[in-house]
Amino acid sequence: MRDTDHIARRFAAICARAGVPVMEVYARPFTVGQKADNSLVTEADERAETLILEALARDFPGVPVLAEESFAAGLRPLIDGDFLLVDPVDGTKEFISKNGEFTINIALVSGRRPVAGCVYAPALERIYLGDREAWAGGLKPGGQFDLRALSPISTRSPREGKKVAVMSRSHADDTTRAFAEAQGVTDTVSAGSSLKFCLLAEGKADIYPRFAPTREWDTGAGHAVLNAAGGRVTDPDGRDFLYGKVEADYLNGPFVAWAR
Ligand SMILES: Nc1ncnc2c1ncn2[C@@H]1O[C@H](COP(=O)(O)O)[C@@H](OP(=O)(O)O)[C@H]1O
Ligand SMILES: [Mg+2]
């Protein structure tokens, strides 16, 4: 697991397959459930997670997996080194409101840092991946993953006097807005789910401050894509943003994603 070359491509092939049950549920009436922490869940989250876990067990035998719905069901993997993060549907609110901005996320954490990740938006038919390099492009749910259909992506340098922040559609609060203002942000764009990291990774925005809570599976894949594209993620004081926070039940603190 040391060599992170091509791991994101294997995640991408799995994400493309997981897009099939997700879009099957998206296209028809579905019921919305509420989990113990009040967050929402649909049949799509559960079916996609089952498919992803089976595929990861085949491709990465023996590597522990921290996955959103299994965690909600009380399953806690024994983490002692490298591990995988799975969010089968990030942006469940976006899924329910049918704006298409939800993603399937898989990441590998090594040395407490995300070293490979894939973010797939099946409704937008767009995929992002990153390990040593970052790539993005079109991919239909169930389609054959082919890197030749993708393009390399990289972050941009902030332009003088024009800094664009990405804000959560459903979780932008006063603290986040004040931080953005202090950073000289002049414009904001919103996006659901881990697509916020991807907007930075493909050079469409400069900063993504996030003070509202997330868990590690929400951020690992997008963080890996952003790192590979030339960006980074820190806490608001500029310190490292690390994974494997067992004692915090994998809850992330506030963070800032930077394009450069
Ligand atoms: N109180 C809370 N604790 C932990 N994570 C939370 C949370 N409220 C929202 N989130 C996370 O924020 C994500 C949505 O972020 P955004 O609104 O920026 O798209 C959700 O992803 P899921 O949709 O996978 O549940 C959820 O995991
Ligand atoms: Mg989720």
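**Entry 1: Leu226**

I started at Leu226, which counts as buried because it has 33 C-beta neighbours inside 10 Å, and the cut-off for that label is 20 or more. I should jot down right away that this is a predicted model. Leu226 sits in helix α7. I then listed what Leu226 touches, skipping residues up to four places away in sequence: Phe197, Leu200, Ala201, Gly231, Val233 and Ala257. I also checked Leu226 against Val115: the two are 111 residues apart in sequence, and their C-alpha atoms are 10 Å apart in space.

**Entry 2: the whole chain**

Next I zoomed out. I counted seven helices and 16 strands in the protein. What does the radius of gyration say about the fold? I get 17 Å, and a compact globule of 260 residues would have a value near 18 Å, so the two agree. Along the principal axes, the C-alpha atoms fill a box of roughly 50 × 40 × 40 Å. Of the 260 residues, 46% come out as buried. I looked at contacts with a separation of 6 or more too, and residues 24 or more positions apart account for 66% of them.

**Entry 3: two domains**

The domain assignment gives me domain 1 (7-152) and domain 2 (163-258). Their C-alpha centres lie 18 Å apart. How many residues are in contact across the two? I find 37 residues of domain 1 in contact with 26 residues of domain 2.

I looked at the domain 1 side of that contact by element. At least two residues each are supplied by β3 (65-67), β4, α4 (92-97), β5 (103-110), β6 (113-121), β7 (126-130) and β8 (134-138). Strand β6 gives the most, with eight residues. By class, I have this side of domain 1 down as 20 nonpolar, six polar and 11 charged residues.

**Entry 4: ligand 1**

Where does ligand 1 lie with respect to the domains? Domain 1 and domain 2 both give residues to its shell, so I put ligand 1 between them. There are 17 residues around ligand 1, and the ones that come nearest are Asp90, Thr92, Ser168, Ser170 and Pro213. The elements giving two or more residues to the shell are β4 (83-90) and β13 (214-215). The largest share, three residues, comes from β4. I sorted the shell by class as well: two nonpolar, nine polar and six charged residues.

**Entry 5: the annotated sites**

I pulled the UniProt record, an unreviewed entry, and it lists Glu68, Asp87, Val89 and Asp218 under "binding site". These span 151 residues in sequence, yet no two of their C-alpha atoms are more than 9.2 Å apart, so they gather at one spot.

The "binding site" annotation in the unreviewed UniProt entry also covers the set Asp87, Asp90 and Asp218. Here the span is 132 residues in sequence, and no two of the C-alpha atoms are more than 6.4 Å apart, so this set gathers at one spot too.

**Entry 6: the three aspartates, one by one**

Asp87 first. I find Asp87 in strand β4. Is Asp87 buried or exposed? It counts as buried, because I get 33 C-beta neighbours inside 10 Å. Leaving out residues up to four places away in sequence, Asp87 touches Glu68, Asn105, Trp217 and Asp218. Glu68 and Asp218 are both on the UniProt list with Asp87.

Asp90 next. Asp90 is also found in β4, and I noted it above among the residues that come nearest to ligand 1. Asp90 is buried, with 26 other C-beta atoms within 10 Å. Which residues is Asp90 in contact with beyond four places in sequence? I wrote down Phe102, Thr103, Asn105, Ser193, Ser194 and Asp218.

Asp218 last. Asp218 lies in helix α7 (residues 216-228), the helix I began with at Leu226. Asp218 is buried, with 23 other C-beta atoms within 10 Å. Its contacts, again without residues up to four places away in sequence, are Asp87, Asp90 and Ser194. That puts Asp218 in touch with both of the other aspartates in the annotated set.

Terms used. Residues numbered from 1 in each chain as written. Chains lettered and ligands numbered in written order. Predicted model: local features only at pLDDT ≥ 70, side-chain atom pairs only at ≥ 80, totals over all residues. Near = placed C-beta within 6 Å. Helix = DSSP H or I, 4+ residues; strand = E, 2+ residues; numbered from the N terminus. Nonpolar A, V, L, I, M, F, W, Y, C, P; charged D, E, K, R; others polar. Domains from an automatic or database assignment. Rg over C-alpha atoms; globule rule 2.2 N^0.38 Å. Buried ≥ 20, exposed ≤ 12 C-beta atoms within 10 Å, placed from the backbone. Contact = placed C-beta atoms within 7 Å. UniProt positions renumbered as here; feature names shortened; annotations may be inferred.
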